[in-house]
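Let's walk through this one together, question by question. Have the sequence and the 3D view ready, and we'll begin where the chains meet.

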Amino acid sequence: MSTQRFPLPDVGEGLTEAEIVEWKVAVGDTVAVNDVIVEIETAKSLVELPSPFAGTVVALLAEEGTTVDVGTPIIEVGSADASASEPAPSGAPASPGDSSGGSTNGEGSGSVLVGYGTGDAAAGSRRRRRRAEEPAAPATAASKPAPAPAPAPAPSSAPERTPGIAKPMMSVPAAVDGAGAASSGTTPAGRIRVLAKPPVRKLAKDLGVDLASVQPTGPGGIVTREDVVARADAAEPRTLATYPDDDQPWLASGSVTNDGRQTRVPVKSVRKRTAEVMVASAFTAPHVTVFRTVDVTRTMKLVEKLKADRDFADVRVTPLLIAAKAALLAIKRHPEINASWDDEAREIVYKHYVNLGIAAATPRGLVVPNVKDAHRHELLPLARALAELTATARAGRTSPADMSDGTFTITNVGVFGIDTGTPILNPGEAGILAFGAIRQQPWVHKGKVKPRWVTQLALSFDHRLVDGELGSRFLSDVARVLEDPAHGLVWG
Amino acid sequence: MNPDASQGAAAEEDLVQLVAPDGRRTDGEQAAAYRDRAAHLGTDELRAMYRDMVLTRRFDDESTALQRQGELGLYPQGRGQEAAQVGSGHALHPQDFVFPSYREHGVLQVRGVDPVDRLRIYRGTEHGGWDPADHNVHLNTLVLGSQTLHATGYALGVQRDGLVGTGDPQRDTAVVTYFGDGASSQGDVNEALVFAAVNNAPVVFFCQNNQWAISEPTSRQTRVPLYKRGEGFGIPGVRVDGNDVLASYAVMAEALERARTGGGPTFVEAYTYRMGAHTTSDDPTRYRERAEEEEWALRDPIDRLAALLRAEDRWDDAWAADVEAQADSLAERLRADLRALEDPASTSMFEHVYATPHSQVEAERAWFEAYEHDTAQDERDSSREAAR
């Protein structure tokens, strides 16, 4: 039986990678040409890939949830027909530990099982590396003599195993995600291939048990009938974690732990990007946050006036709009804050435009689209731009371009009733303004305590390029405009 | 206010339709003239159209799959537009000349352009794929709308060659250019309309309004129905149901006849729907509703012609099965032959610069061949060294 591998194609003109979202086939399935085998997510879209081969799925070479480089083989299909149109790409002779010698290893070739084969960890990583090399340099692989079976580092393992049963090669999926991907920089080599006899596989399928999740107890890491039944029983309390009528989208695509008390959800897409940029920002830019409490009664009056203004009839006038304008005016007075630290070039990049970011909570997670060239907008077009940006974000249609090249950000924590916070900078920016809730509070006004509309402003800045003086002056100016919007006339 | 809604209502009103979505022939007054133009089409002709539409759809599906398998860099789907393309293509005479955009797989099918050749450009092996003179079809044009100028210029040449209005049906020639609702906003298209109108060029502007210019709806392209776009230039326009193969044929036949007899250009708007993505790089779920796609699925042009054939007792199961078999073998051939495509010799770039031999090009070619020979020699030497 010959096998063929399908390298991840570039499905969208110049993409370099894609995430494996969902396999539509499993090892052992029969596929025909153009049967959908997998759904992938690229930077542009969700795409279903059709199989270029007909045959039996021998191996899935990439885990769901992992990001794979274009050109990396993702599936191996065994063709019953030896005269298949494309030969297997690698000319390397099948070597011990290589899974492509399908006929001898059969379905059991390779295995990744929880807690198994610690003694074989070295072999596992070697195999992983070799696979990653294959597409790039098959000649190298072929020219080297096939490595002899690794001398078993742990005395307990290899010798007692029969040749027909492959050794467990890798550790748990989590380790593949972490160590494997991190060390090689490319894709982790393998979808887990579990050892189990066909009737046991069928039982697992009937019971809806994912074989990869079963703790095997059979000899050589084989999953037994009892193991599958035990897993199915353990899976019973799954429903404990969620209730049918609960709307808990954050649990989607997660798996419930055996005791039913926790759900583990793979970190993907917006969540993953948010985590990455926040870590990058928090641990590269030294953050300093300054605060200012401010009487915004006049701003509130202005908002009321504008709401009644015919020109503003079709837009939403909010205090945030005035705050955005105030920030733009303050940037005009202190353009040094509208800048970026270029660590690689050892340069500070001052921007002569303001792309004003607004942090928006959306069903897909936190996104920060920005109003391009916001410094050019008068109040009315600025209001329109803000409305459009938030509408697009809520509809989940914010494009990468909408979010790129921001120069300054406002986060409106006030909408959640929060007074203030210490926001983390959007990477590549030197300032972020948190706009707190506006409440009526006792306030000394013209020598008397009066109920006034009061809010808190917080400004976090990157102390590498913004000093305390600049940050403080900037925030004071924002506050002064909000205190008395007439300053807009003076500075506009 | 929803501009789409008002346009939709106008669309129904002005639409030339000969076959309703359920396969029955329409009997309205306004389409009577066009009905006559399609009246002579018998079972053989209708079946030939059906076959071309089915083969075009299969070509489309297979090409999309091949792109997803990494065999094509890009592919623009034509699903849903088969009737507009095949119907209008069947109205052409052999001497007519076609300037397509990049989605006219149905027209290329009718004109006999080899399916593998059609994909060369999308696989990146060649910029063209076929000799335009072989089928009187110019190459796919990916620059938006520029083919309308090429067509207009070509039509002016046809006019100057005296191939218009002679009364000889073997001689009189029309030129057709295909483009879309998105391209209608291009400057090139408007310039072409100006030149075609003032010179009375024998050219048909066949605009397939598939409702979406990538992610922009037609309402963002025009404030008046597209078929009225020609009026200001002095070009008569007609809007045809582009999912009705007979109407597309009849409207095109009229426009071609006008061109060939010296009546000048016509603007045809084929009102249709792009059922697939703009290209394989596009994801339409990001900008349009599933309900809209489902509504148009009910107007599938192939289903409509099948319904007509059945209603008029022109359907035959054995024949239909044979068409399916032909589609299967087309798909199989595409899969095999596309992968086997080889890059053209790099010296072929010198071949079509001038129509006649040119000394400077010949000198450049000789230099390039010598250069290629030398570098190949160097590579052999260095690899031999490496082996040592």
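## Where the chains meet

Q: How many residues does the contact take from chain B, and how many from chain A?
A: A quick reminder that we are looking at a predicted model. The contact draws on both chains: chain B supplies 12 residues and chain A supplies 16 residues.

Q: Which element gives the most to the side of chain B that touches chain A?
A: Sorted by type, the residues on this side of chain B are 3 nonpolar, 6 polar and 3 charged. The element that gives the most to it, with 3 residues, is α3(B).

Q: Is helix α3 of chain B largely enclosed or largely open?
A: This helix covers residues 43-68 of chain B and has 26 residues. From first C-alpha to last it reaches 37 Å, close to the expected 38 Å. Of its 26 residues, 19 are buried, so with respect to the rest of the structure α3(B) is largely enclosed.

Q: Which residue with a positive phi follows α3(B)?
A: Look just past the end of the helix, where a phi near 85° turns up. The residue there is Gly70(B).

Q: Is Gly80(B) buried or exposed?
A: You will find Gly80(B) in the loop between α3 and α4 of chain B. Its contacts, leaving aside residues up to four places away in sequence, include Thr272(B), Tyr273(B), Trp296(B) and Pro301(B). A residue counts as buried at 20 or more other C-beta atoms within 10 Å. Gly80(B) has 26 of them, so it is buried.

Q: How far apart in space are Gly80(B) and Arg57(B), C-alpha to C-alpha?
A: Along the sequence, 23 residues separate the two. In space, their C-alpha atoms are apart by 8.4 Å.

Q: Which helix gives the largest share of the largest nonpolar core?
A: The core in question has 70 residues, and Val204(B), Val251(B) and Val268(B) have the most contacts inside it. The largest share, 10 residues, comes from residues 245-260 of chain B, which form helix α10.

Q: Which Tyr does Val251(B) touch?
A: Leaving out residues up to four places away in sequence, Val251(B) touches several Val residues, namely Val16(B), Val238(B), Val240(B) and Val268(B). The Tyr that it touches is Tyr34(B).

Q: Where do the two sets of side chains on strand β2 of chain B point, and are they buried or exposed?
A: In a regular strand, side chains alternate between the two faces of the sheet. Here Val175(B), Thr177(B) and Phe179(B) point one way, and Val176(B), Tyr178(B) and Gly180(B) the other way. In both sets, all are buried.

Q: Which residue is the bridge partner of Tyr178(B) in β3(B)?
A: β2(B) runs parallel to strand β1 of chain B, joined by 3 bridges. With strand β3 (residues 203-209) of chain B it pairs in the parallel sense over 6 bridges. In β3(B), Tyr178(B) has as its bridge partner Phe206(B).

Q: Which strands stand at the edges of the open sheet in chain A?
A: The sheet has 4 strands in the order β1-β8-β6-β3, with antiparallel pairing. Inside this order, β6 and β8 pair over 4 bridges. Two strands have a single partner each, so one side of each is left without a neighbour in the sheet: β1 and β3 of chain A.

Conventions
Residues numbered from 1 in each chain as written. Chains lettered and ligands numbered in written order. Predicted model: local features only at pLDDT ≥ 70, side-chain atom pairs only at ≥ 80, totals over all residues. Expected span 1.5 Å × (residues − 1). Buried ≥ 20, exposed ≤ 12 C-beta atoms within 10 Å, placed from the backbone. Core = buried A, V, L, I, M, F, W, Y, C linked by C-beta atoms within 7 Å. Contact = placed C-beta atoms within 7 Å. Nonpolar A, V, L, I, M, F, W, Y, C, P; charged D, E, K, R; others polar. Pairing = 2+ DSSP bridges.
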